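Notebook open, coffee poured. I'm going through the disulfide, the cores and the strand pairing, in that order.

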Amino acid sequence: ADDRPPADAPAAPPANAAGTTLDAGDALCVPASAGSLRARLQGAIEAEIDWGEGAEQCLGGVRPQGDGIRLLYKGEVPGSGRLLVVLGITPLRPGESARNVPVNLTVVREGAGEFFATRGQDKCALDTVSQVALEGEPRRYRLEGRGYCTQPARAVGGDGAVLLSRFDVVAIVPEAP
C-alpha cells in the first residue's frame with residue numbers, strides 16, 4: 001500500500017482519511033506550528049525547494065492505511081506554480097526513530113492536474129529519521145529526517161518525471177486518534 005494512485009488510474013484529486021475527495025489545496029494541509037522541506041527537484045520540475053519558516057507547513061499524520069506516517073508540504077516554486085509534496089514513510093509510527101526507511105513520493109502541481117508518483121517503495125528512503133516528543137504535548141512529536149530518491153516519480157496519466165535527489169524534512173506528527 002502506498003500514497004499514489006495505480007498506474008492506470010486517471011489523475012484524480014486526493015482524498016482525506018474518510019475518503020472524501022479534496023482539491024489538492026483543500027483541507028489536506030492542516031496548518032502546523034513548525035516544519036520545513038529542503039529539496040532538489042530535477043526533471044519536469046527544476047527547483048531548489050527551501051520551504052522553512054514563513055512557508056505554509058502541514059501537520060503530518062498516520063497514513064490512511066495505518067502503516068506509516070504521511071508528511072505534506074505546500075509551497076510556491078518559481079516557474080512551476082504551487083506544489084504539494086507528499087511523503088509516505090513506511091513502516092514508521094509516530095514516536096519511532098529509524099534508519100533506511102522506505103518512502104513513497106507524490107508531487108502535485110496544484111491547479112494543473114499534474115501528478116508525479118514513485119512506483120513502489122524501492123525508489124526513495126530516509127537515511128535517518130528521528131522523532132522526539134514535544135514538551136508539554138506528549139501526543140505530538142517533532143520528526144526530523146534526511147533522505148534521497150534513486151529513481152524519479154513518474155507522471156500519472158501523462159509524460160515526464162521528477163527526481164527528488166535529496167531532501168531534508170522537519171514536521172510535527174501527532175499520534176493516531
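I started with the link of Cys124 and Cys149, which is right-handed with 100° about the S-S bond. The pair bridges distant parts of the chain, 25 residues apart, from Cys124 in strand E8 (residues 124-134) to Cys149 in strand E9 (residues 137-149). Their sulfur atoms sit 2.0 Å apart, and the structure has 1 disulfide (a pair of cysteine sulfur atoms within 2.5 Å). I checked burial too: both Cys124 and Cys149 are buried (under 20% relative accessible area, 1.4 Å probe, protein chains only).

Note to self: this is a predicted model, with local features needing pLDDT of at least 70, side-chain atom pairs counting only at pLDDT 80 or more, and totals for chains, interfaces and linings using all residues. Numbering runs from 1 along each chain as its sequence is written, and side-chain values use heavy atoms, leaving out hydrogens and water.

Next, I looked up the largest nonpolar core (buried Ala, Val, Leu, Ile, Met, Phe, Trp, Tyr and Cys joined through side-chain atoms within 4.5 Å). It has 34 residues, and Leu37, Tyr73 and Phe167 are among those with the most contacts inside it. Strand E11 (residues 161-174) gives the most to this core, 6 residues. Apart from it lies another core of 9 residues, including Cys29 and Val108.

Last, I traced strand E1 (residues 36-43; strands are DSSP runs of at least two residues). E1 runs antiparallel to E11, joined by 8 bridges (pairing takes at least two DSSP bridges). Gly43 has Val162 as its bridge partner in E11. A hairpin through 3 residues takes E1 into E2, and Arg38 is bridged to Asp50 in E2.

Key: Buried < 20%, exposed > 50% of the residue type's maximum accessible area, 1.4 Å probe, protein only. Helix = DSSP H or I, 4+ residues; strand = E, 2+ residues; numbered from the N terminus.
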